[in-house]
Amino acid sequence: MNPEELQQVADRIVAMAQPGEQVEAVVAWSRDTEVRAFEGQVEHFVSADSAGVGIRIINQGKQGLSWAGVLDDAALNECLAEARDNASFGSVDPHAGLAEPDGVVPDELVLYDERLLQADTEEKIRLAIELEAEVRKGDPRIFGIESADYADSVVSTAIASTTGIRRASAETSVYLGVYALAGDDDETTTGFGFSVGRSLQELDLEAAADEAVQRCVRLLGASKAPSERLTVVLHPYVTSQFLSLIAEMLSGESVIRGRSPFAGRVGEAIAAPEFTMFDDATDRLSPTASDTDGEGLACRAVPLIESGVLTGYLHNAYTARVSGTSSTGSAQRSSHRSAPGVGPHVIKLRPGQSSAEEIISQVGDGFLVYDIAGLHSGVNPVSGDLSVGADGIRIRGGELAEGIREVTIGSTLQRMLNDVVAVGSDLTYFPWESTGVTLAIADVTMSGQ
Amino acid sequence: MIEEPIIQRVLAAASSRGADFAEIFVEEKRSSSALLDDGRIEELTSGRDRGAGIRVVVGESTGFAHTSDLSESGLIAAAETAAAAARGSGQGTTIVDLDRVHAKSPNSVRIMPGDVPKAKKVELLLTANEMARAEGAAITQVSARYADSHRRILVANTDGILGTDDQVKTLFSISAVASGDSGMQTGRESIGRTVGFELFDSYEVADLARTAAQRAITKLAARPAPSGEMTVVIGPGGGGVMFHEACGHGLEADLVGKGASVFAGRVGEQVASSLVTLVDDGTMGGEWGCFAIDDEGRPAQRNILIQDGILVDYMWDGLRARAEGRSSSGNGRRQSYQHLPMVRMTNTYLLGGASTPDEILADTESGVYIAHLGGGQVNTATGDFVFGMTEAYLIEGGRITEPLREGNLIGNGPGVLTSIDAVGNDFAMGGPGTCGKDGQGVPVGDGVPTLRVVSGLTIGGTAA
């Protein structure tokens, strides 16, 4: 279904609003294809369309929601009635309310690439099979492939509300990803690689294959290391995961609920002066860029930390109202089933001057962290306490030395922000809402033997 | 849900290009939830999904399509898409005779959540909020969630199986934040069972609220966790997730088949201490991960995976079992009709042993006692895992002493299994879990008695 058809469905629901009621309708449709290759054959091929609607009603400060996975009239009517009934059981919240148009004109991002619709099914299958083959021949120590996938989707969404929000859009995305296994009888390592784009033409199969191979083989022979305090150098992939967490703590939702260690600290220095972080929501180079947020407001750049000083938070309409400010266009909906939360679109650090190699050489003695595990279980976003599993390579005399695995690194996020000693120039995009650079942080506890 | 002649015609359409196997999975699910935060009922949400997924297997290849259109023409169209995706090139099979699977449901529901007035669900949340805050002025924030779901499924396939199941789940969780000089700490508690609203006849939300609040308050006085390898005693119930992650995933036949498991090729070998007997059991009535039939129509089973330290068998779904010429172990599950089934755990637990928990503690000179583990993840190929410790204490001189702040626990599955040197007689199931694999989440349960891991676990604390 195209965005205009979805917009009509949303409009129809909003037109059924009763006096005194705010009604918002989100309608989504997607067509997904997924091919998994194994040993040169198609392991599975999935092809499917799905659609859904989510309705939010606010009446006298009380909110109710309902959703349905079907778009026929009976389902829409039932969904609206349910949302209305649900609203009657909410508590009165004087700040409750839908987003109101704020006059900010969305950047017209072209996130839809026609070429995907013309793409040949056989070509999609070929990509998955070739990705697997490339990785298998990438290094003699690669002994298996857990998955080699091609996936694409065409997504249309529309939103309308009684407050005058009305917006529809479509986007395409394409993904190639592979998980590989390397090693021998004594040890096994794993590695993944991926490439994303808006159409098949934007994919880089060789780069995805090479990344997986490198990730697999670079830690062969790694072992546990003794515990010590040292400087860690985070690979951009790891940095992006840390930035996601910090952004979570700077969401208006965490702040107004007293769940952020950064609440009430705007204007204070919370990080080293090298550290400037912002949400560059409309950067088209990012796979997660967007022109419109989950409440239909324009996405925009949001400054968060400027030269180490906290400048503000991410807000949707509700958290902004509670905080006495305006939405930053940061409403995020994970699907039509959920109420809009708050989250970034494209978190970035202002890159520094040094390359990864230069930072490693400046640090001299430290731990280059390639991957971390257990970030969500190991970080308390309320207290900022952090300890995560890590692997990577020891840095000695400014050079990469022995591999390290099965250790943890620990600190608190607040301390780590202040202990940033270098920000790399290597801005890297990922298929989630945070970019990364090489980042060096002093005085972190590494726990091993 | 769908009449038998229609199912037969859909299976025929799915097999029309030649198929070794074709299946239709129909699902109708209603869910509702209510959320309390900051003292207010923030929202009530309800939703409804229904649709069918059609799977066609030709040789090693699977074609899959799904649709929310349950009319005969909608189903036939999806069946044709799945057949095309499977790329069969042969003759179709004729109509298959369907035999009903008679699997007794391990679950019984007394009060359908859909029949309970919404006001009553809201009342539970308000009570929990009040009781958590009453634990002390240190409690500065409370959030709580009530959720229920009713899932009806039908599975039929060209092997002639026709099965249905009705799965009702009810869940309540609460999270409390305590604030003090040392900052903010969070305590959580949740209960979820495959039962109806009668869940609250057996569990008082007030108790859950007090537990969550006390966990948060206790942690205010906690010291940073130590770091390094040490002896760990895991408390009853709260540490089952470790066995789910550390060895359960590695015993899933799909991962084993791709060489992505440290347990590949080791059936019949000693893989764990002789104190270890590990079971996966989809028949445990009322538990979060149980059902009458799995999402491939196979009755739930109780499967012994490791017996007295010896690896007995892996867990199997239909596809992997068919390739090996054996039968499924009832572990073929999927998140929804929009997903392909794969090998998944149900309720995974370690059987109790002979020691009393007091004996195990008294015999531990120093170490860490973990009452509750949080989420975790494992690399099944290497066996390396990591978990959050959400409630932990120091052990000094055979006694539990000071509370510890949150940290991660890391180790290696096979290493931990061989390092278990004491197993208690106080088996308990843990809280409800959602297991994620390849982008799909399914409800699972786990359980353990008190047990001691003498080496191989590293506490990743922040203390110097």
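Two residues are counted as in contact when their C-beta atoms, placed from the backbone, lie within 7 Å. With that criterion in place, I turn to the structure, which is a predicted model.

I begin with chain A. The domain assignment divides chain A into domain 1, residues 3-217, and domain 2, residues 222-449. Taken over C-alpha atoms, the centres of domain 1 and domain 2 of chain A are separated by 24 Å. How many residues of each domain take part in the contact? On the side of domain 1 of chain A there are 29 residues, and they are in contact with 24 residues of domain 2 of chain A. Strands E1 (21-38), E2 (41-59), E3 (62-68), E4 (142-161), E5 (166-183) and E6 (188-197) of chain A are the elements that each give two or more residues to this side of domain 1. By character, the residues on that side of domain 1 of chain A comprise 17 nonpolar, seven polar and five charged.

I now move to the contact between the chains. Chain B contributes 67 residues and chain A contributes 60 residues. On the side of chain B that touches chain A, the largest share comes from strand E2 of chain B, residues 40-58, with twelve residues. The residues of that side of chain B divide into 18 nonpolar, 33 polar and 16 charged. There is also strand pairing across the chains: E2(A) and strand E3 of chain B, residues 61-67, pair in the parallel sense over five bridges. Within E3(B), His66(B) stands opposite Ala48(A).

Next, a helix pair within chain B. Helix H3, residues 118-133, and helix H5, residues 205-220, both of chain B, pack at an angle of about 40°, and their axes are 8 Å apart. H3(B) is therefore oblique to H5(B). The crossing of H3(B) past H5(B) is right-handed. Which residues of H3(B) meet H5(B)? They are Leu124(B), Thr127(B), Ala128(B), Met131(B) and Ala132(B), and their counterparts in H5(B) include Val205(B), Leu208(B), Arg210(B) and Ala213(B). The residues of this helix contact comprise ten nonpolar, one polar and one charged.

Finally, I consider a hairpin in chain B. Strand E22, residues 433-437, and strand E23, residues 440-448, both of chain B, run antiparallel and are joined by five bridges. Cys435(B) has Val442(B) in E23(B) as its bridge partner. Two residues lie between E22(B) and E23(B) in this hairpin, and Asp438(B) in the turn has a positive phi of about 50°.

Methods: Residues numbered from 1 in each chain as written. Chains lettered and ligands numbered in written order. Predicted model: local features only at pLDDT ≥ 70, side-chain atom pairs only at ≥ 80, totals over all residues. Axes fitted to C-alpha atoms, helices over the stretch in contact; angles between N-to-C directions. Helix = DSSP H or I, 4+ residues; strand = E, 2+ residues; numbered from the N terminus. Parallel < 35°, antiparallel > 145°, perpendicular 65-115°, else oblique. Left-handed = near helix turned anticlockwise from the far one by under 90°. Nonpolar A, V, L, I, M, F, W, Y, C, P; charged D, E, K, R; others polar. Domains from an automatic or database assignment. Pairing = 2+ DSSP bridges.
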